[in-house]
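User: I am new to reading structures. Please take a close look at the sheet for me, and tell me what surrounds it.

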Amino acid sequence: MSAPSARQVLFEGVADEFLHDYPRGARLVAVASPDAERSAAAAESLRDALTARGVDARITEQDGRGEDALRADVVAPFRSSGADAVQIVSGTPGLLAERTRGLWHFSVWLIDGDEVPHTAATALVDVTDPDAPVRRLADYCAVPPSFLT
């Protein structure tokens with residue numbers, strides 16, 4: 001058996017962190033970046049890591065939905081199902097906008113190159129090299145008060 005890839009190891013770590021804080025119930029995760037395709041690929045990697053841990057994990061794409069549509073089409077039906085599962089929503093920065101960021105139990109922001117980290121994200125992942133992503137830690141105390149994302 002070959003060693004796990006750097007991408008697999010990283011998303012297993014993100015999955016473990018998430019499951020430590022949210023071990024059961026109907027849980028919602030946002031995976032966002034300026035590039036919806038990048039978000040979709042990361043959501044698949046996170047789903048694979050969760051599934052490998054015996055968690056029922058599903059992916060839905062944002063598809064341009066704003067807060068009201070996300071709440072009505074994705075969040076409310078999933079929560080009311082009472083499923084012991086994880087619903088991952090992949091998409092664009094709108095997932096972490098001021099009115100939508102509260103919908104998620106956990107959020108992942110993907111950074112490529114010198115892109116600015118999103119201060120509302122739970123986890124920051126640098127995917128400049130998509131085959132070898134790395135976690136980034138940001139000192140949010142150093143963010144100027146005028147810097148809003």
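Analyst: Two residues are in contact here if they have heavy atoms within 4.5 Å of each other. Keep that cut-off in mind. One more point before we start: this is a predicted model.

Begin with a residue beside the sheet. Trp104 sits in the loop between β3 (85–91) and β4. Is Trp104 buried or exposed? Trp104 is buried, because its relative accessible area is 8% and buried means under 20%. Now look at what Trp104 touches. Setting aside neighbours within four places in sequence, Trp104 is in contact with Leu28, Val29, Ala30, Leu70, Val75, Val89, Leu95 and Leu96. Take Leu28 from that list. Along the chain, Trp104 and Leu28 are 76 residues apart, yet 5.0 Å separates their C-alpha atoms.

Next, the sheet as a whole. Six strands make up an open sheet. Their order is β2-β3-β1-β4-β5-β6, and the pairing is mixed. Strands β2 (56–61) and β6 (134–136) form the edges, each pairing on one side only. From one strand to the next, the twist averages 25°. In general, strands of a sheet pair through backbone hydrogen bonds, and the pairing is either parallel or antiparallel.

Let us walk across the sheet, starting at β1. Strand β1 covers residues 26–32 and runs parallel to β4, with four bridges joining them. One pair to find on screen is Val31 with its bridge partner in β4, Val108.

That brings us to β4, residues 106–111. How many of the residues of β4 are buried? Six of its six residues are, so strand β4 is mostly covered. Follow the side chains. Phe106, Val108 and Leu110 point one way from β4. Ser107, Trp109 and Ile111 point the other way. Both sets are buried.

Stop at Ser107, which lies in β4. Ser107 is buried, with a relative accessible area of 4%. What does Ser107 touch? Leaving out residues up to four places away in sequence, Ser107 touches Ala30, Leu96, Ala120, Ala121, Thr122 and Ala123. Ala30 and Leu96 appear in the contacts of Trp104 too.

Step on to β5. Strands β4 and β5 run parallel, and four bridges join them. Trp109 has Leu124 in β5 as its bridge partner. Ile111 has Asp126 in β5 as its bridge partner. Strand β5 itself spans residues 123–126. Ala123 and Val125 point one way from β5, while Leu124 and Asp126 point the other way. These residues of β5 are all buried.

The last step leads to the edge strand β6. Here the direction is antiparallel: β5 and β6 pair in that sense over three bridges. Asp126 has Val134 in β6 as its bridge partner. Val125 stands opposite Arg135 in β6. Asp126 is also the bridge partner of Ile111, so you can trace Ile111, Asp126 and Val134 across β4, β5 and β6.

Now turn to the other edge of the sheet, β2. The loop between β2 and α3 (67–81) holds Asp63. The phi angle of Asp63 is near 50°, a positive value in a residue other than glycine. Is Asp63 buried or exposed? Asp63 is exposed, with a relative accessible area of 60%.

Finally, the helices. Two packed helices are described by the angle between their axes and the distance between the axes. The axes of α1 (residues 6–21) and α2 come within 8 Å and cross at roughly 65°. The two helices are therefore roughly perpendicular to each other. The crossing of α1 past α2 is right-handed. From α1, the residues that meet α2 are Arg7, Phe11, Glu12, Val14, Ala15, Phe18 and Leu19. From α2, they are Ala41, Ala42, Ser45, Leu46, Ala49 and Leu50. By type, the residues of this contact divide into 10 nonpolar, one polar and two charged.

End on one of them, Ala41, found in helix α2 (residues 36–52). Ala41 is partly exposed, with a relative accessible area of 35%. Ala41 and Pro130 lie 89 residues apart in sequence, and their C-alpha atoms are 9.3 Å apart in space.

Technical notes:
Residues are numbered from 1 along each chain as its sequence is written. This is a predicted model: local features need pLDDT of at least 70, side-chain atom pairs count only at pLDDT 80 or more; totals for chains, interfaces and linings use all residues. Side-chain values use heavy atoms; hydrogens and water are left out. Two strands pair if DSSP finds at least two bridges between them. Axes are lines fitted to C-alpha atoms, for helices over the stretch in contact, and angles run from 0 to 180 degrees between N-to-C directions. Buried means under 20% relative accessible area, exposed over 50%, partly exposed in between (1.4 Å probe, protein chains only). Angles under 35 degrees count as roughly parallel, over 145 as roughly antiparallel, 65 to 115 as roughly perpendicular and the rest as oblique. A crossing is left-handed if the near helix is turned anticlockwise from the far one by less than a right angle, and right-handed if clockwise. Ala, Val, Leu, Ile, Met, Phe, Trp, Tyr, Cys and Pro count as nonpolar, Asp, Glu, Lys and Arg as charged, and the others, Gly among them, as polar.
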